[in-house]
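Here are my notes on the model you sent, set out as numbered points. Please read them with the structure open.

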Amino acid sequence: MHIHSLTISGFKSYRDATTVTFHKGANVVVGRNGSGKSNFFSAVRFVLSDSYNSLQREERNALLHEGSGATQTFSAYVEIVFDNKDGRFPTGKDTLTLRRTIGAKKDDYQLDRKSTSKGEVMSILESAGFSRSNPYYIVPQGRITHLTNLKDAERLDLLKEVAGTKVYEDRRSESLKIMEETDQKRTKIDELLKYIEERLTELEEEKEELKEFQTKDRDRRCLEYAIYQRDLEEVSAALEEIEAERKKDRASAVNQRKDFATRQKQISAIEGEITDVKKEIELLKLDASELSAERQESVKVRTQLECLIRDSQEGRRRTADNRTAWSTELDQIERLIVEKEAELMEVVPELEGVEKQEAEVRQRHAQAKTAQEILYAKQGRSSQFRTQAERDRYLQSEISQLRSSVATYQKRIADTRQDIESRKRTLSQVEGRAGRLVEELEGRGENIKRLKVELDQAKAEKEGKSERKKELWKEQLKVGQVEKSANEELRRGEGELRSMMDKQTSSGLRSLERIVNQLQIEGVYGPVYELFQVGDHYRTAVEVTAGNSLFHVVCDTDETVQKILTKMNQDRSGRLTFIPLNRVRTRQHKYPSGDDAVPMIKKLQFDPAVTPAMENIFGRTIICKNMATAAEFTRSHNLDGITLDGDRVDRKGTLTGGYQDPNRSRLQTVRRVQHEKNALDAARLKAKEIDVELGKLNGEINTLQNRQEKLERELAGILGRRKSERTWK
């Protein structure tokens with residue numbers, strides 16, 4: 001046996017794996033200083049000697065190769081391959097590979113490439129002669145010089161160690177010690193045997209007493225059996241009576257339970273009626289307040305109408321007075337026309353007289369001129385005038401007189417014509433004004449009638465819009481009360497529903513809708529309890545079967561689930577269990593035929609898109625008449641059975657049952673919450689519609705108000721102009 005090869009990696013100065021092969025006989029390792037000869041010898045001692053046992057962390061780190069950066073070493077090993085052809089190692093192999101690996105936190109041994117404990121390694125080394133008691137199979141540097149300087153007694157001890165006799169002396173000392181301990185134990189055993197013999201003598205005496213006790217005990221047991229038998233018969237009879245009473249009580253309890261469920265439903269119905277009556281009372285109170293306000297408004301309107309009636313009567317009276325004034329004014333105008341016509345008739349004869357007088361003057365002028373010419377012809381110019389100048393002066397004076405007379409007459413004619421034209425213009429103006437006044441009076445009357453009709457229509461339409469607005473206000477108040485009541489019931493129902501689930505699930509369900517709307521995520525069908533409908537007759541069985549699966553959320557794919565979970569983790573908003581439909585795998589179940597068992601999934605109504613999720617939760621369950629039927633079908637068809645009362649038998653044989661409080665029904669609470677949500681949404685939608693209609697009505701009322709004010713201004717303007725005209729006249 002000898003060392004065949006030595007492999008070092010990461011140990012001290014050996015960073016990379018280095019393998020050295022040895023030959024049988026003497027092998028010498030030579031090299032310069034610092035070439036690693038001492039580390040090579042330390043590697044052999046690291047594996048075979050006790051010098052490197054019980055190393056601390058710092059000591060293990062000191063054995064690792066020290067480098068920097070990428071050359072830093074975190075583990076090292078030394079592997080020795082022994083030539084075992086002589087069989088020194090009892091392994092049955094020609095070679096033996098021993099490796100020791102160390103790191104910052106480990107120190108392992110491997111024997112022929114298998115992990116081995118340190119004790120097994122030391123044991124197999126001792127079997128080959130590498131004994132702890134003989135540490136001289138490795139002689140380090142300076143040990144020979146130390147041995148030559150030993151004394152004779154020390155040298156004798158050394159020879160004993162080398163020869164291996166010290167091992168036998170140690171074993172001899174151990175054997176002597178064991179023999180002494182054995183003698184002590186034998187003494188104790190002798191004492192124990194003596195005690196046992198004494199105890200056996202006592203037991204023999206007690207044996208006779210025991211036989212007598214057993215005889216008496218048999219008699220006692222016979223008597224007790226007889227007594228117990230009699231008591232058993234009495235108790236059995238009492239139990240039969242109790243069982244009969246129990247059956248009666250059970251039947252009575254079933255009836256009472258049915259009565260209790262009926263009363264619970266009646267109480268729920270009555271509570272609903274009370275809630276409705278309270279709502280009606282609130283609405284009636286609102287109606288009463290509105291009617292009171294309407295009454296006050298009616299009184300106010302009545303007062304206004306009375307004032308309007310008085311104003312109308314006064315206006316009628318004023319209209320009559322105005323009509324009288326208009327008639328008087330018309331008579332005055334007609335009289336004025338007659339007077340103007342009379343004046344015209346007076347002026348026309350005068351004009352004709354003036355024209356006739358003008359003609360006469362012209363005629364006389366012509367006659368005078370003719371007479372003058374005749375006289376001139378008879379007398380001669382010389383006999384009439386002494387001189388020509390006198391004659392010319394005379395003639396000039398006559399001409400001047402005639403011209404002044406003609407001018408006077410012409411002026412009078414012009415003045416007369418101007419007066420006639422003025423009278424004609426005045427007459428035409430009066431006639432035109434009279435016609436205009438008649439037309440204007442007729443037009444003003446028609447305009448007044450038209451404006452009054454339009455004003456009445458505008459007022460009536462405005463009143464109709466105002467009445468519709470009041471009705472909408474009443475309806476808005478009622479819808480607000482319904483919304484408030486539905487909101488309160490919704491909060492109460494959601495509080496009850498949250499109390500039926502854990503806090504994390506409740507928080508997750510509240511954040512689910514917000515996340516879906518915020519990220520516009522499609523493919524989220526919602527919690528299971530929102531995805532199906534079931535009759536009240538099967539509600540308890542369905543609720544017990546679903547359990548906490550009612551609050552699981554159904555999605556189309558796991559990618560959708562990942563988006564929601566990422567956002568929930570970011571917001572830290574609770575925890576939910578999701579059912580991605582693309583990952584659900586269902587199988588067909590063979591259901592029993594007959595009326596004793598009904599597949600639960602056939603009693604549910606749901607969207608075909610979520611069929612895999614429904615089959616995964618309810619597909620393995622059948623509804624049975626009683627527990628015996630459920631147990632029978634569970635064994636024969638490998639399905640879960642459940643009764644209408646919620647008593648369940650699963651495929652593993654577990655029985656679950658007991659009383660189900662109808663007031664704590666999660667499905668009923670969910671249905672109530674959904675009903676209140678629908679009522680709240682409907683109320684909010686109705687309120688929105690009312691707000692839109694109110695805004696439209698307000699715009700129409702404002703338009704009608706502006707139109708009414710415009711008509712009133714036009715009517716007031718017409719009446720004002722008529723009054724001013726009468727004042728002017």
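1. Is C555 buried or exposed? In this predicted model, C555 is buried, with a relative accessible area of 0%. The cut-off for buried is under 20%, so C555 qualifies.

2. C624 is likewise buried, at a relative accessible area of 3%. On disulfides, a search of the whole structure finds zero.

3. C555 and C624 fall in strands β9 (553–555) and β13 (621–624), and both strands are among the elements that cover the buried residues of helix α12. That cover also includes β8 (532–533), α10 (539–546), β10 (578–580) and β12 (605–606).

4. Which residues of α12 are buried? In this helix, residues 611–618, they are A613, M614, I617 and F618. Viewed down the axis of α12, these buried residues lie within an arc of 105 degrees, so they line one face of the helix.

5. Turning to the N-terminal part of the numbering, an open sheet is built from six strands in the order β2-β1-β3-β4-β5-β6, with antiparallel pairing. The edges are held by β2 (18–21) and β6 (114–116); each has a single partner strand, so one side of each is left without a neighbour in the sheet. From one strand to the next, the twist averages 20 degrees.

6. Within that sheet, β3 (75–83) runs antiparallel to β1 and is joined to it by seven bridges. Here L6 stands opposite I80 of β3. On the β4 side, β3 is again antiparallel, and nine bridges join the two strands. In that pairing, A76 is opposite I102 of β4.

7. How many residues of β3 are buried? Seven of its nine are, and the strand is mostly covered. In a regular strand, side chains alternate between the two faces of the sheet. On the matter of cover, helix α1 (residues 37–48) lies across β3 as well as β1 (2–9), β2 and β4. The helix runs at about 80 degrees to β3.

8. Strand β4 (residues 95–103) also pairs with β5 (residues 107–111), in the antiparallel sense and over five bridges. One point to check on screen is T101, whose bridge partner in β5 is D108.

How values were computed:
Residues numbered from 1 in each chain as written. Predicted model: local features only at pLDDT ≥ 70, side-chain atom pairs only at ≥ 80, totals over all residues. Heavy atoms only, no water. Pairing = 2+ DSSP bridges. Helix = DSSP H or I, 4+ residues; strand = E, 2+ residues; numbered from the N terminus. Axes fitted to C-alpha atoms, helices over the stretch in contact; angles between N-to-C directions. Contact = heavy atoms within 4.5 Å. Buried < 20%, exposed > 50% of the residue type's maximum accessible area, 1.4 Å probe, protein only. Disulfide = S-S within 2.5 Å. Arc of directions from axis to C-beta.
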